[in-house]
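The following exercises concern the strands, helices and pockets of a protein. Study the sequence and the structure, then work through each solution in order.

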Amino acid sequence: MKVVYKIVSVVVLILMFSCKTNYYDKSMVIANSSLNSNEKKELVLENKKVVNDTSFVNLKEYSNDFVYDMKYATEDNFLKSKVYDCAECYMRLKTAKALIKANSKFMKLGYKIKLYDCYRPVDVQKRMWKIVSNPSYVANPSKGSIHNRGGAVDISLVDNSGKELNMGTPFDFFGPEASHDYKNFPNEILENRALFKKIMMSAKFQSFDSEWWHYNLKNAKLDPISNFKWRCE
C-alpha cells in the first residue's frame, strides 16, 4: 500500500505540473510527506530543468485566454514574406507568467490580449534582416533584440466579440502616429493606449517608444540571445 500511495502521489504532482494555467512550484513537492528526502530532491531537480523561470515555453500550454494572429508566420506583414515555419508563441516562462498576469487584469475589464509576435529565434531575425536590412525596421541580428531573448511581445487588445480596440494605427505601422508620444488622436484612441500601457507596466513590462504594440519584460535585455527552435507538427 505504501508503494501504491507513493506512485499515486507522484502522478498527482505530475498532473498539477501540466495544468494549463499553473507552472511548477517546488513547494508542492517539498510539502508532500509521502516522499523521502532523496525522492523530493530528484523530483524538484527534474522539473526545474523543464520549467525554470528562463526556460522557453509555449504560451498555449499555460493559458487558453489569449487570441493569436502570428503575423510573421504568414505573408500578412510589412516584410510581405513568411519567416516562421509555423505559427507558435514561445517565450521565457517569466515572460509568460507576467503576460498571464496582465491578461487577467484586462479580462476583468472585458478585453483579452491578442498576440502578433513572441520569441523570435536568431535565424528568423536573420531572415528578416535579409529582406529588410534597415535597423529602423528590423533589429540587426548581430546585436539581436529582446524578441531574440524571449522577453518581448507584439500585442494588441480585443473585446469580448473579438474586435480589436482602436489604437490609431495598424500593427507594424512605421510612422510617427505609432509612437506613444503622438497625441493628435481622438480621446478614444488615447484612452485605449493609456489603459493598455498602464496595465502592461503594472505587470512589469516596459513600453517601446515608437511602437504602441511592442512591450519588453523588465530586465529581459539581461537574458542571452537565443536560437532555440520549436518543432512544427
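**Exercise 1.** Which residue in S5 is the bridge partner of Leu115?

*Solution.* The structure is a predicted model. In strand S5, Leu115 has Ile155 as its bridge partner. Next, consider the pairing to which this bridge belongs. Strand S5 covers residues 152–159, and 6 bridges join S4 to S5. The two strands run antiparallel.

**Exercise 2.** Determine how S4 is joined to S2, and state how far S4 is covered.

*Solution.* Begin with the bridges: S2 (residues 67–68) is joined to S4 by 2 bridges, and these strands run parallel. Within S4, Leu115 is the bridge partner of Tyr68. Leu115 thus has bridge partners in two strands, Tyr68 and Ile155 of S5. Then turn to burial, for which a residue must have under 20% relative accessible area. Strand S4 comprises residues 111–117, and 5 of its 7 residues are buried, so by this cut-off the strand is mostly covered.

**Exercise 3.** Give the strand order of the open sheet and identify its edge strands.

*Solution.* As a general principle, the strands of a sheet pair through backbone hydrogen bonds, in either a parallel or an antiparallel manner. The open sheet here has 5 strands in the order S2-S4-S5-S7-S6, and its pairing is mixed. Its edge strands are S2 and S6 (205–208), each of which pairs on one side only. For S6, the pairing is with S7: 4 bridges join these strands, which run antiparallel. Phe205 stands opposite Leu217 in S7.

**Exercise 4.** Describe how helices H4 and H6 pack on the sheet.

*Solution.* Take helix H4 (residues 93–108) to begin: this helix packs on the sheet and touches S4, S5, S6 and S7. The direction of H4 makes about 145 degrees with that of S4. Helix H6 (residues 187–202) also packs on the sheet, touching S4, S5, S6 and S7. The direction of H6 makes about 5 degrees with that of S7.

**Exercise 5.** What is the volume of the largest pocket, and which residues lie nearest its centre?

*Solution.* The volume of the largest pocket is about 470 Å³. Its lining consists of 28 residues, and those nearest the centre are Tyr137, Val138, Ala139, Phe208 and Glu211. By character, the lining divides into 13 nonpolar, 10 polar and 5 charged residues. Finally, consider the elements that contribute: helix H5 (122–131) and strand S7 (211–217) each supply at least two lining residues. The largest share, 4 residues, comes from S7.

Note on methods
Residues numbered from 1 in each chain as written. Predicted model: local features only at pLDDT ≥ 70, side-chain atom pairs only at ≥ 80, totals over all residues. Heavy atoms only, no water. Buried < 20%, exposed > 50% of the residue type's maximum accessible area, 1.4 Å probe, protein only. Pairing = 2+ DSSP bridges. 1 Å grid on protein atoms, 1.4 Å probe; cavity = no way out; pocket = protein on both sides within 12 Å on 5 of 7 lines; lining within 4 Å. Points joined across faces, edges and corners; volume = space filled by probe spheres on them. Nonpolar A, V, L, I, M, F, W, Y, C, P; charged D, E, K, R; others polar. Contact = heavy atoms within 4.5 Å. Axes fitted to C-alpha atoms, helices over the stretch in contact; angles between N-to-C directions.
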